[in-house]
Amino acid sequence: KKESQTLLVAKNIYKVLNEYRVTYDIDARSMDPSFSIEPQQAKGIDDCIQNILYFVEQNNPIEMLLVGFPFKSHNTEKKVNGYLPDMAERKSLEYLQNMVYNIKKIYAPGAHILVF
């Protein structure tokens, strides 16, 4: 059976999101350099595509909520050199903006990210 155009769009948006997925536990790795960075299989792919499809069917921007954004840690012993924001935070936001830009290239309504 031929897939609907909206489902194909949703799958293509998922492909963009998947390109930005971190494939291992970066928090565990930051605390333990011996922690494996072997890529882990994504779970819930079909559910994610269905969530994207909800927005695509209505021709609305995809709304994403980002909880736990890596704002500046105060752990100067193991994680950061200083407590003030620096290029790491800027690069994180640029990374997210690039993801939104790449979604917009394939889906005109685009996407929005709310950092909570």
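A helix, as the word is used here, is a DSSP run of H or I that holds at least four residues, and helices are numbered from the N terminus. With that in mind, Glu94 and Arg90, which are 4 residues apart in helix H4, are separated by about one helical turn. The structure discussed here is a predicted model.

## Helix H4 and its salt bridges

The structure holds 2 salt bridges. In one of them, the side chains of Glu94 and Arg90 meet at 2.8 Å, N to O, and in another the side chain of Glu94 meets that of Lys91 at 3.1 Å, N to O. Glu94 and Lys91 both lie in helix H4, where they are 3 residues apart, about one turn of the helix. Salt bridges that share partners join Arg90, Lys91 and Glu94 into one network. How exposed are two members of this network, Glu94 and Lys91? Glu94 has a relative accessible area of 31% and is partly exposed, while Lys91, at 47% relative accessibility, also counts as partly exposed, because partly exposed covers the values between the limit for buried, under 20%, and the limit for exposed, over 50%.

The helix that carries this network comprises residues 87–106, and its 20 residues, at 1.5 Å a residue, should span 28 Å; the end C-alpha atoms of H4 are 29 Å apart, which agrees. Within H4, the residues Glu89, Leu96, Met99, Val100, Asn102 and Ile103 are buried. Seen down the axis of H4, these buried residues fall within an arc of 160°, so they line one face of the helix. The face turned away from that buried side carries the exposed residues Gln97 and Lys105. As for what lies against the buried residues of H4, they pack against helix H1 (5–19), strand S1 (62–66) and strand S2 (111–115).

## Helix H3 and the residue after it

Helix H3 can be described in the same way, and the table sets out the expected and the modelled span of each helix.

| Helix | Residues | Expected span | Distance between end C-alpha atoms |
|---|---|---|---|
| H3 | 45–57 (13 residues) | 18 Å | 18 Å |
| H4 | 87–106 (20 residues) | 28 Å | 29 Å |

For H3, the expected span and the distance between the end C-alpha atoms agree. Which residues of H3 are buried? They are Ile49, Ile52, Leu53, Phe55 and Val56. Seen down the axis of H3, the buried residues fall within an arc of 160°, so they line one face of the helix, whereas the face turned away from the buried side carries the exposed residues Asp47, Asn51 and Glu57. What covers the buried residues of H3 includes H1 and S1.

Just after H3 comes Asn59, which takes a positive phi of about 55°, and this is a positive value in a residue other than glycine. Asn59 is found in the loop between H3 and S1. At 53% relative accessibility, Asn59 counts as exposed, because the limit for exposed is over 50%.

## A nonpolar patch on the surface

Leu65, Val67, Leu114 and Phe116 make a nonpolar surface patch of about 480 Å². One of these residues, Leu114, is found in strand S2, and Leu114 is exposed, with a relative accessible area of 53%. Strand S2 is also one of the elements against which the buried residues of H4 pack.

Conventions. Residues are numbered from 1 along each chain as its sequence is written. This is a predicted model: local features need pLDDT of at least 70, side-chain atom pairs count only at pLDDT 80 or more; totals for chains, interfaces and linings use all residues. Side-chain values use heavy atoms; hydrogens and water are left out. Helices (H or I, at least four residues) and strands (E, at least two) are DSSP runs, numbered from the N terminus. The expected span of a helix is 1.5 Å times one less than its number of residues. Buried means under 20% relative accessible area, exposed over 50%, partly exposed in between (1.4 Å probe, protein chains only). The arc is that of the directions from the helix axis to the C-beta atoms. Contact means heavy atoms within 4.5 Å. Patches are made of residues with over 30% relative accessible area and no salt bridge: like charges are joined within 9 Å, nonpolar side chains (Val, Leu, Ile, Met, Phe, Trp, Tyr) within 5 Å. Accessible areas come from the Shrake-Rupley method with a 1.4 Å probe; for residues, only the protein chains shown count as cover. A salt bridge is a side-chain nitrogen of Lys or Arg within 4 Å of a carboxyl oxygen of Asp or Glu.
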